[in-house]
Amino acid sequence: EKRIDEKIQALNEGVHKAGYILKDEIVQSIHGNRAEPTSVDLGFYGSNIKVDVSKPFQSIVYTNVKWAKFLEHGTSPQFISPVTKKALRWKVKNEVFFSKGHMVSCIKARHHFGNSSIRMKPIIIQYIEDKMKAIG
């Protein structure tokens, strides 16, 4: 029975460690060290990838960054117009621009979480299998 308990504990630890392995891969993706484009403000986004290992045999890798879903899945081109003023105003270098409304381009999907999960799946499976084999 002790042997079974050791195997269960090893499996649980392996699943929890796998969450941190995936988190590290996602952070590398955000920082531009993988095929996906680097995300803007990568210090904030990259440092806010979390792992929840509060439940047995489960790791949840997530972020509370509100705009992360737009980076992950992208957006569509859209028309923007002023809400509280008569015109939009912005500055590029030393030139000021005004608009009563215009189309803005989309944010291209970066798939940091999705691509990292696909990339790391065989590595994580192998890690957990090795952890189980070590117990015997």
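This is a chat about the salt bridges, the nonpolar core, helix α4 and strand β1 of a predicted model.

User: How many salt bridges turn up in the whole structure?

Analyst: A search of the whole predicted structure finds four salt bridges.

User: Which residues are linked in a network of them?

Analyst: The network of salt bridges links E25, R34, E36 and R119. E25 meets the side chain of R34 at 2.7 Å, N to O, and E25 also forms a salt bridge with R119, where the closest N and O atoms are 2.7 Å apart. R119 in turn meets the side chain of E36 in a salt bridge of 2.9 Å, N to O.

User: And how far apart in sequence are R119 and E36?

Analyst: R119 in helix α4 and E36 in the loop between α1 and α2 are 83 residues apart, and the pair links distant parts of the chain.

User: What about R119 and E25, which parts does that pair tie together?

Analyst: R119 lies in helix α4 (residues 112-135) and E25 lies in helix α1 (residues 2-30), so this pair ties together parts that are 94 residues apart in sequence.

User: Are the acids in that network buried or exposed?

Analyst: E25 counts as buried because its relative accessibility is 8%, under the 20% cut-off, and E36 counts as buried as well, at 5%. As for the arginines, R34 is partly exposed, with a relative accessible area of 31%, and R119 is partly exposed at 28%.

User: Switching to the core, which residues have the most contacts inside the largest one?

Analyst: The largest nonpolar core has 18 residues, and those with the most contacts inside it are L22, I26, Y45, I49, V61, F113 and I124. The elements giving two or more residues to this core are α1, β1 (49-52), α3 (68-73) and α4, with α1 giving the most, seven residues.

User: What does Y45 touch?

Analyst: Leaving aside residues up to four places away in sequence, Y45 touches I30, S39, T63, V65, W67, A68, L71, H112 and F113.

User: Back to α4 then: where does that helix bend?

Analyst: The bend is at M120, by about 45°, and a proline, P122, follows within four residues. Over its 24 residues α4 reaches 33 Å from its first C-alpha to its last, which is close to the 34 Å expected at 1.5 Å a residue.

User: Which residues of α4 are buried, and what follows the helix?

Analyst: The buried residues of α4 are H112, F113, S116, M120, I124 and I128, and the helix is followed by G136, whose phi is positive, near 100°.

User: Last topic, β1: which side chains point to which face?

Analyst: The side chains alternate along β1, with I49 and V51 pointing to one face, where they are buried, and K50 and D52 pointing to the other, where they are not buried. In a regular strand, side chains alternate between the two faces of the sheet.

User: And how does β1 pair with β2?

Analyst: β1 pairs with strand β2 (residues 60-63) in the antiparallel sense, over four bridges, and I49 stands opposite T63 in β2. T63 is also one of the residues that Y45 touches, while I49 and Y45 are both among the residues with the most contacts inside the largest nonpolar core.

How values were computed. Residues numbered from 1 in each chain as written. Predicted model: local features only at pLDDT ≥ 70, side-chain atom pairs only at ≥ 80, totals over all residues. Heavy atoms only, no water. Buried < 20%, exposed > 50% of the residue type's maximum accessible area, 1.4 Å probe, protein only. Core = buried A, V, L, I, M, F, W, Y, C linked by side-chain atoms within 4.5 Å. Contact = heavy atoms within 4.5 Å. Expected span 1.5 Å × (residues − 1). Bend = angle between axes of the 7 residues up to and from the residue. Pairing = 2+ DSSP bridges.
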